[in-house]
Amino acid sequence: MQTYGSVATEMEIQAPAREAWALYGTVDLTVITVPKYLAAVDIVEGDGGEGSIAKLTPLTGTTFILCPLDISSPYYEKFTKVDNKHMVKETEITEGAFFDLGFTLYRIRFENIPTGKNSCITRTTIEYEVKEELVANLSRVSILPSINIAKDIEAYLLAHKKHEDSE
């Protein structure tokens, strides 16, 4: 038997949705995540688009980017959906990390929703299922890292903002 569930959050970002999507929707997100959370992100299959598989290697001595889990081994993530038109990206962990804790599904969905010329909402949803006998590991599921990533993306975009008056 499995236990299913999800957690979600929304955060407003003071940047155009397409600029935020240029990071969320591609492996360019690693520009922000690698220095703070990961030692390396290697695309082991595909080109970074839908169907690609990435090997993520955590920084030694840091907490796992997606949950309060101390992990030092690489884990694998598959990009199961990359919808550039609707600005939706889904990834699933396929090996390591949560799978080592009895999860049989760990899916992360990022959605960028335009709210104005220079703002958007980033909605993050984590869907999971875990083996019934390991339901205690549900405490490892946390949306907080996704909030931190959204804040990091906003800070990055504001720091690299294109000056419209200089054109």
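**Exercise 1.** Is Y24 buried or exposed, and what is its relative accessible area?

*Solution.* The model is a predicted one, in which local features need pLDDT of at least 70 and side-chain atom pairs count only at pLDDT 80 or more, while totals for chains, interfaces and linings use all residues. Residues are numbered from 1 along each chain as its sequence is written, and side-chain values use heavy atoms, with hydrogens and water left out. Buried means under 20% relative accessible area, exposed over 50%, and partly exposed in between (1.4 Å probe, protein chains only). With a relative accessible area of 0%, Y24 is therefore buried.

**Exercise 2.** Describe the aromatic pair that Y24 and F110 form.

*Solution.* Begin with the criterion: rings of Phe, Tyr and Trp (its six-membered ring) pair if their centres lie within 6.5 Å, and planes under 30 degrees apart count as stacked, over 60 as edge-to-face and the rest as tilted. The structure holds five aromatic pairs. In one of these, Y24 and F110 lie 4.9 Å apart, centre to centre, with 40° between the planes, and the pair is tilted. The pair links distant parts of the chain, since Y24 belongs to helix 1 (residues 17–24) and F110 to strand 6, 86 residues apart; helices (H or I, at least four residues) and strands (E, at least two) are DSSP runs, numbered from the N terminus. F110, at a relative accessible area of 9%, is buried.

**Exercise 3.** Classify the ring pair of F98 and F103, and place the two residues in their cluster.

*Solution.* The ring centres of F98 and F103 are 5.0 Å apart and the planes stand at 80°, so the pair is edge-to-face. Both F98 and F103 are buried. Ring pairs join F98, F103, Y106 and Y128 into a cluster.

**Exercise 4.** Trace the salt bridges that involve R107, R109 and E111.

*Solution.* A salt bridge is a side-chain nitrogen of Lys or Arg within 4 Å of a carboxyl oxygen of Asp or Glu, and the structure holds six. E92 and R107 meet in one of them at 2.9 Å, N to O; E92 lies in strand 5 (residues 88–95) and R107 in strand 6, so the pair ties together parts that are 15 residues apart in sequence. R109 bridges to E127, with the closest N and O atoms 3.2 Å apart, and this pair links strand 6 to strand 7 (residues 119–131). E111, in strand 6 (residues 103–116), forms a salt bridge with R123 at 3.5 Å between the closest N and O atoms. E111 is buried at 17% relative accessible area, whereas R123 is partly exposed at 28%. Finally, E90, E92, R107, R109 and E127 are linked in a network of salt bridges.
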